[in-house]
Amino acid sequence: MVLTPDFTPPLRLTLDSAALVANWRWLAAQGGDAACGAAIKANGYGLGATEVMGHLAQAGCRDFFVATWVEAEALMPLADELSLSVLHGVRAEDMAVALAGKARPVLSMPEQVTRWREAGGGVCDVMIDTGMNRLGLDWRADCTALTAGLQIDTLMSHLACADEEHPLNSLQRDRFAALSEAIPAKRYSLANSAGIGHGAAYHFDLTRPGLALYGGIARPGYAGHIRQVVTPQAQVLQRRKVPAGDSIGYNATFTAPQDMDVAILNIGYADGYLRGFSGTGTVRAGGRTMPVVGRVSMDLLIVDISKAPDVGEGDWLDIIYDLPTASAASGLSQYELLTGLGARFERLWI
Ligand SMILES: *Cc1c(COP(=O)(O)O)cnc(C)c1O
């Protein structure tokens, strides 16, 4: 399909590269002397991993994290100065790709360590589980013996509750600090977006933010510093009148209390604008905030534009998507709001 200025999708994501870079710089500054990396798994949290990596690399970011080898392969060839880690480690079926390429597996279980060591795999990263009971070598095991002889670039762990004040945070930190004394590695890394805000004791050598780079308010203190990066926009397909007493949309969940004008927008739950926004979402039209009425459909959205007389077919409206607001409206997490953004959007970097 060839897209030309006259033939583009009727929905787009406007992606603010200056805001992305400003967020990374702010997080880097909060991390003090630690280097600041970027989690770009799940296609750069829905924005586009290649473009996110390009913008952040230009700003000076050197360390990137994806989940799988398929994600890593999509970013090849990697520029010489960049480092890419694959968080899920290495399965048997990944070994050929992993040994041939420049990305490093984050070895996360004894079987993976054995697999890597027996294949003569070279430099790797290692994940220690310090209390989340997800991926990582169990901190109670003899991790020093398990990792003996590995050439470890980054030894890391991951916080389970960084976005709240929880006793597990300092427990995990202390467990990781003890292991960092015992296990030789080039660098040590613990903090995600929210973890950075817990202070210098959590920073070690390298931080790994994801959510906050993309506009997520990972901790209350980040509000006012982190800028919105993603704005979904959809085109108006139709402006129509709805007489008082008529219902609107699937299952007739909304009835017009008076004569109304509505806009039918080209966006729906198949684009990640999920049904949690039914009757709760908002859209900017003619400088005003307009409510979503009725159910979100698969491909369409209905908005009350009675107060925006100049909006009509072909106009582009901004979907209100500052992440804390959209999260409260929809019941979705800020993470889900980003990673659910669908394939039908044109992704337009400004
Ligand atoms: C996703 C992920 C991150 C980034 O987390 P955010 O909460 O998005 O900042 C960091 N480290 C690991 C291991 C991850 O899986």
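Reader: How many helices and strands does the secondary structure of the protein chain come to?
Author: Keep in mind that we're looking at a predicted model. Its one protein chain has a mix of both element types, and the tally is eleven helices and 20 strands.

Reader: What share of the residues counts as buried?
Author: The cut-off here is under 20% relative accessible area. The chain has 350 residues, and the share under that cut-off is 52%.

Reader: Among contacts between residues at least 6 apart in sequence, what percentage joins residues at least 24 apart?
Author: Start with the pairs in contact that sit at least 6 apart along the chain. Keep those at least 24 apart, and you're left with 63%.

Reader: Which peptide bond is cis?
Author: Head for the loop between helix H4 (69–73) and strand E5 (83–86), where Pro77 lies. Omega is near -5 degrees for the cis bond that leads into Pro77, so to speak the one from Met76 to Pro77.

Reader: Is Asn133 buried or exposed?
Author: Asn133 sits in the loop between strand E7 (124–129) and strand E8 (137–138). Its phi is positive, about 55 degrees, although it's not a glycine. Exposed means over 50% relative accessible area. Asn133 has 61%, so it counts as exposed.

Reader: And what is the relative accessible area of Ala252?
Author: Ala252 also has a positive phi, near 50 degrees, in a residue other than glycine. You'll find Ala252 in the loop between strand E13 (247–248) and strand E14 (254–255). Ala252 is partly exposed, and its relative accessible area is 41%.

Reader: How far apart do the centres of the positive and negative side chains lie?
Author: There are 28 positive and 37 negative side chains in the protein chain. Take the centre of each set, and the two lie apart by 2 Å.

Key. Residues are numbered from 1 along each chain as its sequence is written. This is a predicted model: local features need pLDDT of at least 70, side-chain atom pairs count only at pLDDT 80 or more; totals for chains, interfaces and linings use all residues. Side-chain values use heavy atoms; hydrogens and water are left out. Helices (H or I, at least four residues) and strands (E, at least two) are DSSP runs, numbered from the N terminus. Buried means under 20% relative accessible area, exposed over 50%, partly exposed in between (1.4 Å probe, protein chains only). Contact means heavy atoms within 4.5 Å. Lys and Arg count as positive and Asp and Glu as negative; His and the chain ends are not counted. The place of a charge is taken as NZ of Lys, CZ of Arg, CG of Asp or CD of Glu.
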